[in-house]
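Please work through the exercises below with the sequence and the model side by side, trying each task before reading its solution.

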Amino acid sequence: MSRIFQTQEFKTKSIQKVKKNPQEKNAWGIAIDTGYSGVKVFAPNGYYSFPSVAKRVPYSSSDNTIGELGNTDISYRDNAGSEYFIGAKAVNDIKATDANSSTAALYSRERYATPEYQIITRVGIGLGLLSNQYGERGDKPVYLMTGLPPAYLADDKEELIDTLAGQHDFFLKIGNDREWKHFSFELPKENIFVMAQPMGTLMAISTDRSGGVVASAKRYFSSNLLIFDPGFGTLDTFDISNHQVRSETSHTYDDLSMKRVFEEVGKELREKYDVSLPVFAMQRALSTGTVDKLDKKAHKSTKIDFSPILERCSARVCEEALRTIDGEYNYLSGYDYLVVTGGTGEAWLPLIKKYYEGMDGLTVIDGSMNDDIPAIFNNVRGYYMQLHSILKSK
């Protein structure tokens, strides 16, 4: 490949940005995407992301820190005496040698009832409730929009709503905060909405920054369009033809994702170097692109550069995914648009464009085209715009 391969591009981003988004006077709408890799949040006054990691620590650990903290260092505490490091702060506390990591539970489809899932989702909502120069919630009721892979929507929707609904009472410490921020709010079931994940990207490419419909939206809805949404845990496709969502040809694949890439990297490291790098420890290693090989007898440590392995495994899984799409959708013959979305989609976009460059009449679209924010927010931005539309009509 012509460009220099950077393992940091595969690391889940920690972002906290203020931004004026379209909002309603009498409601505070928040969109959240609690993904397998990262939590993404869109609010009336900003957008946020952090790795989907929550590590339980002894109570009061966050009151005894040393030195300056980054603004993306987050701690969580509740009234039951539980305390957790969240996101990047938790990632930096996890080692490849940890025998058991509760983070692994967040990679399972059956994760809604786990404490870790509930906590990282609460933290995301808490970030969406922060006040800044672009607005504050005050006493407005909270509304929430989220999403699920198309194949999970029918079976998991009610369970997800049950997990999110109810009274939430917790505390956050963000960065160098001296005091804990207290969050207490009610989320009635009727205030929670769930949509198909790739539909979020369709909304994102169809709306501008003010929530208005872009001129090209009509063309997207009336064309043959396929949304290609490779995430950390699943690859989702969303098939639209002549104003109709074709549910029978919209699919979820759980073996063509970034998790599969990381598993392949770990397998090759074990076979070639006898080094263990579990998926849950990968985020920390991506910062440097190296992993330590320890010779205990010789008291010697050697750094193994795994960036060539990651590049090779990523390209291989991407090609397998595209060949799967070829087989399922007849090589995209007859399609007008292929919309590539999400963080994994961003990493694979150059490969995808090259793969389909000979398809006359097919336009490959970047799902983040209507905003200047990172591609990881494509779906959640679409969730937010859909929620904004719902709240406007109330």
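Three exercises with worked solutions follow.

This is a predicted model, in which local features need pLDDT of at least 70 and side-chain atom pairs count only at pLDDT 80 or more, while totals for chains, interfaces and linings use all residues. Residues are numbered from 1 along each chain as its sequence is written, and side-chain values use heavy atoms, with hydrogens and water left out.

**Exercise 1.** Describe the open sheet of six strands and what packs on it.

Step 1: Helices (H or I, at least four residues) and strands (E, at least two) are DSSP runs numbered from the N terminus, and two strands pair if DSSP finds at least two bridges between them. The order of this sheet is 1-4-3-2-8-11, and its pairing is mixed.

Step 2: Strand 1 (15-18) and strand 11 (192-196) are the edge strands, each of which pairs on one side only.

Step 3: Strand 2 (residues 28-34) and strand 3 (residues 38-43) run antiparallel and are joined by four bridges, and Asp-33 has Lys-40 of strand 3 opposite to it.

Step 4: Helix 3 (residues 153-164) packs on this sheet, where it touches strand 8 (142-148) and strand 11 (contact means heavy atoms within 4.5 Å).

**Exercise 2.** Find out how far helix 10 reaches and whether it is enclosed or not.

Step 1: Helix 10 (residues 378-392) has 15 residues and spans 21 Å from its first C-alpha to its last, close to the 21 Å expected at 1.5 Å a residue, where the expected span is 1.5 Å times one less than the number of residues.

Step 2: Because 11 of its 15 residues are buried (under 20% relative accessible area, with a 1.4 Å probe and protein chains only), helix 10 is largely enclosed by the rest of the structure. Among the buried residues are Arg-381, Tyr-383, Tyr-384 and His-388.

Step 3: Helix 10 lies across strand 2, strand 3, strand 8 and strand 11.

**Exercise 3.** Identify which residues of helix 6 are buried and what covers them.

Step 1: Helix 6 (residues 258-273) has 16 residues, and its buried residues include Met-258, Val-261, Phe-262, Val-265 and Leu-269.

Step 2: The cover over the buried residues of helix 6 includes helix 7 (282-286), strand 16 (290-295), strand 17 (300-305), helix 8 (307-328) and helix 9 (342-355).

Step 3: After helix 6 comes Asp-274, whose phi is positive, near 55 degrees.

How values were computed:
Buried means under 20% relative accessible area, exposed over 50%, partly exposed in between (1.4 Å probe, protein chains only). Axes are lines fitted to C-alpha atoms, for helices over the stretch in contact, and angles run from 0 to 180 degrees between N-to-C directions.
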